[in-house]
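Subject: Handover of a structure, with notes on what was found

Dear colleague,

Please find below the structure that I am handing over to you. My notes follow it, arranged by topic for a reader who has not worked with it before.

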Amino acid sequence: MKKLFRRQAYYIASAAFVILSFVYFVSSINQAYVGLELENDNGRWIVTSSDPHGEAFELGVRVGDHILKINSYDTGEYRFVQKWSEAEGASSIEFRSQDQPAVKLIKLSRSTVLLQLFSEIPMVILGFAFWILGFITWYKRSFMVQARALFWLNWFIGLAIVLAPASSRDLMFARELEYIVLSSVPMLLIHFVSVFPSENKIRIHRFAWHMLVFMFSIILSFTLLQSVGIGHSISLLRKLVLTTMIIGILFALWNLSTLVNSPKDKPEKNQASIILWGMMIGFLPFALLTAVPLIFNFQTLVNPQVSYLFVTAIPATCYYVIVNKYLPDSRRLFRSTLAFLITGIVVSLVVTYLLFLLSVVKTLNPEVCLLALFLTLLFMICSNIIRIVLNKLLNRFVFSKGEQNFKIKLHKLNEKLTSIHEGDGILEEVLESLTIEGAFIVIEDDKGGYLKKAAGIFSEKPDKQAKLEKFFQADQKINLKTQILTHDFPAELYIPFASNEFTCGIFLGHRHSRIKFELDELRLITLISSQLAHRLITAFVVKELYEEIKDLAQRSLDSQRRSQGLQGITTFLFSSLEKERKLISHEIHDGPLQLGLDLNRWLKYLTEECQDYDKTVKAVSHMRELVEDLNFELRLICNGLRPPSLTDLGLLAAIELMCEEIMIKELLLISLETVGINREERFKEEQELAAFRFLQEGITNVLKHSGSNKLKIHIEMNESSIELTVIDSGKGFDTSKIGDWPLTGAHFGIFGMKERLESVGGSLQIISTLGLGTMLIATIPVTTTSKGILK
């Protein structure tokens, strides 16, 4: 019910507007506009203002004349003189001119009333234009607070304009209504700009609202006092109303100008710019030519009705901005409007001067020029409307076949785009449907991804592609409007699209036979091109996602394999550790432990049995041999855990001793080559140990797996690293299967070797060919600690 009541309020207000307009217009038919304002000067009613457009001025009444009687009543007793100090409603007037003592009597004829009303019809039409545009805006966008605010603003302005003819004739409280309505307009104007383009009720709006409410209260009080005949300050009341209007206009323009300074990416910037220009065109002529002169008691330059005509720009721009979701650039619109105005000014001046030369216009004054300008602009607008309507009618009934064929082609193309999956196939279909020579599409995302596709003449000419790409790179995100390119460009149409993540440019080549695209075709082509861009961007995204998923799956597989390999290596390390412990346990049990038991037995024998000197010496001598054997056994175990030669002699000497020991034990010939390193060179302990273990493990692998009886070791030292190479001429193996070894539990020594090297920042390279042998290359970054001296 609340929503229903809200909607009914707008219909009731509209009906009230129509009824009031009709009543006051019909009432004005029976009463002429006199146009006299009077002032009591010691009992004499003197004319203070005689409107040149009033009937009294036409009949000879001028400023300073003494009005004696109105409709046979003494001037001071006439009701409109008492109420508003005006002579409206008079059918006869007796007066005496300043320079003539004779009394004159003038009578107002009915024919002049009808003639004056004919001149008032544009004002009534203007008022109805305000109301109709406000009603249509609300009807189309009733859910928007801006549309509802514009309805009431237009309703009040339209009613004030419609009341103007009746108000000037003092008909049925028309003057009171006009003042009250006009003093309400600034408040509604402030309310409109406070909700446009969104609600932004800042402090300055509240201040302006309170100030205008205060002034409205004063004007309402003065109007009521004047209406009942208590007050006599009609001039002050008129100035208060006009001042309130000026204040409201200035606040509204200031608010819109602040929105114009918004960032470029804000839509309200463009909307505010358009409405700002509309309000300036509509309000400034009224303010400068009518309101300000009346406030400061100057002579108005033109008839107020002429300045009112320019107010039509306000409802038109507000309606256009609120109803249309997408708007042209305000700068281009301003340039077009400025060119239109300049054209109208030039044409109106020329026409006015020609009419003056032909004596059709008697005098040249600002009022005549402004009226001519308005009529010229109105004629130009009507001409454009008629041209647009005729073009549509001709296209629909005379030239509709070609346009329908083009629309049918685009409709079929749109249907085919949904079923074609390959980008090349889409472009070929576009070429066939639009009968163009070529198409070229460029897509770029914010991550650096780039896709381009060409069809037709562009697919065979890279130089044209390069030129189009250069244009795309220079124009992207700067101008997002469909462009018809110059005739010397490889393509005829450029259709850009941009989103947060993608920028797309579609170039369409010339039509066959070089038939140009029409402007009214661009909308449909742009629509189809947006579908094409969407399909290609989707394909581009799907392709990127496929590549990412494929890469992710491969990395997941590699990670899984590495995890399984590490698990196998860990198991192998623990197994090797247990084997080492078991081996050390056996070695200690069979060697040092037995010697220790034997030594303990001899010590017991020494304390219990050996009483004479010879036996004691013999026992001690035997125990010394046991201790030496124990030391030897323990040294052997320690040497197995860490070679003493590496600590005592250095890396190169330790490697030489290891090679000699292996060649003595095994049927293997080892050749050792060194470059850039000497026996005195020493490195960090972990680096020397990693290099030694690499060579030890490499030699062990040759003995176990290669089947070769020859081995070559190459050691080369450079500024920051040492490179160790183990080369054999054995069986070799397939290096592509190295990644599967941890999964099968084979050759964990290679992975242990790799892990040890990587722990010191080194790397391992394996080169092998079946039947041709294997090469292991280890690179270890080293730091020289000192030049050792051989012990």
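Which residue takes a positive phi in the hairpin of β16 and β17? The residue is Gly-771, with a phi near 85°, in a hairpin that has 3 residues between the strands. Please bear in mind throughout that this is a predicted model.

The sheet around this hairpin

The hairpin belongs to an open sheet of 5 strands, whose order is β12-β14-β15-β17-β16 and whose pairing is mixed. Its edge strands are β12 (669-675) and β16, each of which pairs on one side only. On average, and with direction ignored, neighbouring strands in this sheet are turned by 10° against each other.

Taking the strands from the β12 edge, β12 and β14 (residues 710-717) are joined in the parallel sense over 7 bridges. Within this pairing, Ile-670 stands opposite Leu-711 of β14, and Glu-673 has His-714 of β14 as its bridge partner. Strand β14 also pairs with β15 (residues 721-728), here in the antiparallel sense and over 7 bridges. One of the bridge partners in β15 is Ile-727, which is matched with Lys-712. The strands β14 and β15 form a hairpin, with 3 residues between them.

At the other edge, β16 (residues 763-769) and β17 (residues 773-781) pair in the antiparallel sense over 7 bridges. Ser-768 stands opposite Thr-774 of β17. The side chains of β16 alternate along the strand. Leu-764, Ile-766 and Ser-768 point to one face and are buried, whereas Ser-763, Gln-765, Ile-767 and Thr-769 point to the other face and are not buried. In general, side chains in a regular strand alternate between the two faces of the sheet.

Helix packing

Two helix pairs deserve your attention. In general, the packing of two helices is described by the angle between their axes and the distance between the axes.

Helix α5 (residues 145-168) packs against helix α6 (residues 174-195) at an angle of about 160°, and their axes are 8 Å apart. Since angles over 145 degrees count as roughly antiparallel, α5 and α6 are therefore described as roughly antiparallel to each other. The crossing of α5 past α6 is left-handed. The residues of this contact divide into 21 nonpolar, 5 polar and 2 charged.

Helix α21 (residues 651-665) and helix α22 (residues 685-706) pack at an angle of about 20°, with axes 10 Å apart. As angles under 35 degrees count as roughly parallel, α21 and α22 are therefore roughly parallel to each other. In this case, α21 passes α22 in a right-handed crossing.

Salt bridges

How many salt bridges does a search of the whole structure find? The search finds 10. Three of them are described here.

Arg-238 forms a salt bridge with Glu-37, and their closest N and O atoms are 3.3 Å apart. Arg-238 lies in helix α8 (residues 234-260) and Glu-37 in strand β1 (residues 36-41), so this pair ties together parts that are 201 residues apart in sequence. Glu-37 is partly exposed, with a relative accessible area of 28%.

The side chains of Glu-86 and Arg-175 meet in another salt bridge, at 2.8 Å from N to O. This pair links distant parts of the chain: Glu-86 is in the loop between α3 (79-84) and β5 (92-96), Arg-175 is in helix α6, and the two are 89 residues apart. Is Glu-86 buried or exposed? Glu-86 counts as buried, at 5% relative accessibility, and Arg-175 counts as buried at 5%.

Asp-551 forms a salt bridge with Arg-555, the closest N and O atoms being 3.1 Å apart. Both residues lie in helix α17 (residues 522-590), 4 residues apart, which is about one turn of the helix. Asp-551 counts as partly exposed, at 39% relative accessibility.

Salt bridges that share partners join Glu-37, Glu-86, Asp-170, Arg-175 and Arg-238 into one network.

A glycine in a loop

Finally, Gly-448 is found in the loop between β7 (438-445) and β8 (450-456). Gly-448 is exposed, with a relative accessible area of 56%. Gly-448 and Phe-502 are 54 residues apart in sequence, and their C-alpha atoms are 9.9 Å apart in space.

Yours sincerely,

A colleague

Methods. Residues are numbered from 1 along each chain as its sequence is written. This is a predicted model: local features need pLDDT of at least 70, side-chain atom pairs count only at pLDDT 80 or more; totals for chains, interfaces and linings use all residues. Side-chain values use heavy atoms; hydrogens and water are left out. Axes are lines fitted to C-alpha atoms, for helices over the stretch in contact, and angles run from 0 to 180 degrees between N-to-C directions. Angles under 35 degrees count as roughly parallel, over 145 as roughly antiparallel, 65 to 115 as roughly perpendicular and the rest as oblique. A crossing is left-handed if the near helix is turned anticlockwise from the far one by less than a right angle, and right-handed if clockwise. Ala, Val, Leu, Ile, Met, Phe, Trp, Tyr, Cys and Pro count as nonpolar, Asp, Glu, Lys and Arg as charged, and the others, Gly among them, as polar. A salt bridge is a side-chain nitrogen of Lys or Arg within 4 Å of a carboxyl oxygen of Asp or Glu. Buried means under 20% relative accessible area, exposed over 50%, partly exposed in between (1.4 Å probe, protein chains only). Two strands pair if DSSP finds at least two bridges between them.
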